[in-house]
Amino acid sequence: MPESGAQGDKQAQQQYQEKYNQVKPKPPILKNIVWAFIVGGLICTLGQFIQNYFVSVGFTKKEAAGPTAVVLVFLSAFFTALGVYDELGRRAGAGSIVPITGFANSVVAPAMEFKREGFVFGVGAKMFIIAGPVLVYGMLTSFIIGFIYWLAK
């Protein structure tokens, strides 16, 4: 007997899921793709302008890469603190998250959210809540690949 009750619950869940799938709004996929492309492209274009500026004042292209990244990270952190970058992220999606500016945003946003808890337990503790796993697994992966490369040499 209990099995028929469980089957009835399962059928009710399936019916509910089917009904929900029929009425839930469809995301505007094409619009989201276009926005991500435009915003990501504009961020990269800004980065290219910044790099060209550093090259014009005497840096080589290779030397200009570091200061360009620093400026982009600073601008992202600054605009995150003002609340502008989060609004951009809501509209642009992956277009604002994929470039280096998205990484800076993922570090600063949690810190801003928990600043009321103080500098140690708020900002310091929560700063890498999102970016921390990215750093850990990124460094671990690079170590493993470097070790394999070293063994293969």
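Which side chain meets that of R91 in a salt bridge? In this predicted model, the partner is E87, and the pair comes together at 3.1 Å, taken from N to O. Both E87 and R91 belong to helix α4, where they stand four residues apart, a spacing of about one turn of the helix.

The other contact to look for involves E87 again, because a search of the whole structure finds two salt bridges, a term that here requires a side-chain nitrogen of Lys or Arg within 4 Å of a carboxyl oxygen of Asp or Glu. In this second pairing the side chain of E87 meets that of R90, with 3.4 Å from N to O. Helix α4 covers residues 84-92, and since E87 and R90 are three residues apart within this helix, about one helical turn separates them. In general terms, side chains of opposite charge can pair when their charged atoms come close.

It is also worth following how open these residues are to the surroundings. E87 is partly exposed, with a relative accessible area of 32%, while R90 is exposed, at 60% relative accessible area. R91 is likewise exposed, its relative accessible area being 55%. Taken together, E87, R90 and R91 are joined into one network by salt bridges that share partners, and the reader can trace this network on helix α4 by starting from E87 and going to R90 and to R91.

Technical notes:
Residues numbered from 1 in each chain as written. Predicted model: local features only at pLDDT ≥ 70, side-chain atom pairs only at ≥ 80, totals over all residues. Heavy atoms only, no water. Helix = DSSP H or I, 4+ residues; strand = E, 2+ residues; numbered from the N terminus. Buried < 20%, exposed > 50% of the residue type's maximum accessible area, 1.4 Å probe, protein only.
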